[in-house]
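Good morning, and thank you for attending. May I ask everyone to turn to the display before I begin.

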Amino acid sequence: MKMKYLQKLALLTLVLFGTNVGYAQSSANKKLSDDERMEWWRDSKFGMFIHWGAYSVIGGERGTNIAGGGAEWAMDKLDYTVEDYEKFPEMFNPVFFDADAWVTMAKDAGMKYIVITSKHHEGFGLWDSKVSDYDIMDTSPFKRDIIKELSEACKKQGIIFCFYYSIVDWHHPQAQGNLYPNYNIAQHDDPSVVNPEFPEYYKNYMKPQVKELLTNYGDVGVVWFDGDWISDYTTEMGKDLYKFIREIQPNTIVNNRVDKGRNGMEGMDMEGEFAGDFGTPEQEIPDTGIDSDWEACMTMNGSWGYKPSDNKWKSSEDLIQKLVDIVSKGGNFLLNIGPDGFGRFPAESIRRLKAMGEWTKTNGEAIYGASASPYEKPKWGRYTEKDGVIYAHVFDWPKTGTLKLHKDIKVKRATVLTAPDTTLEFLGTSREVLVSVPLLAPDATVSVIKIELSE
Ligand code: FHN
């Protein structure tokens, strides 16, 4: 069949940028089936979340007052009026921002996609919006289109570009409580404070902004909505918005916060028909596997936005074990970075990205494209499965030199993943399977045993 021009373009993209086929086809806008559309995302397993905006200048601090929770809520938690807060976008000048360097750090960490806050609740946009002047080009001295630079860097390095967009907008007079402009944002948690003009905001501001983000920056892997909880936003809007996005880019994936189905922070949809392609547990991992698509998002310390006072950093070992735990339950891990107001990743984040990159480089076979374990989780770690191979991810290495596997695992050959030429002895009984392993753990964080199964 004669290849159409767009398919040739997609093929050329694949050749030039090494993008995976599933995703390259989407750039030809050939409408994929849902499974084809989700394939790159399901195989990717690991992405970078970036919370960056004018709040990154504030760092969650106002004088001696430190905002509780995420520093990206500074406008609310530190009681700024809209007028007071507007000085921060005017100060936002991230002179150290280097999109190529950011994407390289994500790629070297083993991350396959990046989701950046194009606009968080503060309402300030990181792209050249024609819908609003409250953006990086018109309000800040930086005057560079961050979304453009990051999306191009992603394409160059074969990382899938995605963006976050907040339905909540504390700056727009039609999107917040109707006490604008001296409205104290703190009241916005009060569901009784609604804005009768919100439908205007939705139709004439929010949708046009989402459209320009989907039209001007090439293929978008995922649109990650947030702020679904406000009473002004309705399920009718959510279903309309999902359809709107799929009409612009048919193969873009959209999270479940586009609609109203999410059951709180555990992130999966309640019973009923809701729009959205995957569930979004936040700061938590489900206890057991879930047989629908889901992605757990998490911070490295306690804040999404840059917060120098928050030194409660998760260890690299903990983050690696969380990645394994999530994949063993069939999910993706979206791990957050909060760059500072100058455009720099915190040193503590860089160290953790490097450690995760070292681990995924040697053990990625057991993660990427793997699926949830068919066996209940063992005490010593987790299982993942891929192409008829079971991977035993050992968190607690046995001191006895013997690893106990689930009794139903029919072992044909077992090796330490990083030592493929050394076959391990094993013994299967009716109650368990015992594998003889080295006394010392091959990897300080998580050691992986590759188990080829007999028929
Ligand atoms: O309010 C936001 C918060 O700032 C952050 O963006 C997280 C990340 O998913 N979402 C909301 C809290 O659930």
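I shall speak about three pairs of helices and then about the ligand.

This is a predicted model, in which local features need pLDDT of at least 70 and side-chain atom pairs count only at pLDDT 80 or more, whereas totals for chains, interfaces and linings use all residues. Residues are numbered from 1 along each chain as its sequence is written, and side-chain values use heavy atoms, with hydrogens and water left out.

A word on terms first. Helices are DSSP runs of H or I with at least four residues, numbered from the N terminus. Their axes are lines fitted to C-alpha atoms over the stretch in contact, and angles run from 0 to 180 degrees between N-to-C directions.

Let us take helix 8 and helix 9. Helix 8 spans residues 99-108 and helix 9 residues 146-157; their axes lie 8 Å apart, at an angle of about 45°. That makes helix 8 oblique to helix 9. Here, angles under 35 degrees count as roughly parallel, over 145 as roughly antiparallel, 65 to 115 as roughly perpendicular, and the rest as oblique. The crossing of helix 8 and helix 9 is right-handed, meaning that the near helix is turned clockwise from the far one by less than a right angle. Contact means heavy atoms within 4.5 Å; on helix 8 the contact residues include Trp102 and Val103, and on helix 9 they include Leu150 and Ala153.

Next come helix 10 (residues 198-215) and helix 11 (residues 235-248), whose axes come within 10 Å and cross at roughly 25°. Helix 10 and helix 11 are therefore roughly parallel to each other. Their crossing is right-handed. Among the residues in contact are Tyr202 and Met206 of helix 10, with Leu241 and Phe244 of helix 11. By class, this contact has eleven nonpolar, one polar and three charged residues. Ala, Val, Leu, Ile, Met, Phe, Trp, Tyr, Cys and Pro count as nonpolar, Asp, Glu, Lys and Arg as charged, and the others, Gly among them, as polar.

The axes of helix 12 (residues 316-328) and helix 13 (residues 347-363) come within 9 Å and cross at roughly 50°. That makes helix 12 oblique to helix 13.

Finally, which residues come nearest to the ligand? Of the 15 around it, they are His51, Glu72, Trp73, His121 and Asp226, where a residue is near if one of its heavy atoms lies within 4 Å. A polar side-chain atom of Glu72 is 2.6 Å from a ligand oxygen atom. For His121, a side-chain N or O atom lies 2.7 Å from an oxygen atom of the ligand. For Asp226, the partner is a nitrogen atom of the ligand, at 2.6 Å from a side-chain N or O atom.

Conventions: Helices (H or I, at least four residues) and strands (E, at least two) are DSSP runs, numbered from the N terminus. A polar contact is a pair of N or O atoms within 3.5 Å; within protein, one must be able to donate a hydrogen and the other to accept it, and residues adjacent in sequence count only if both atoms are side-chain atoms.
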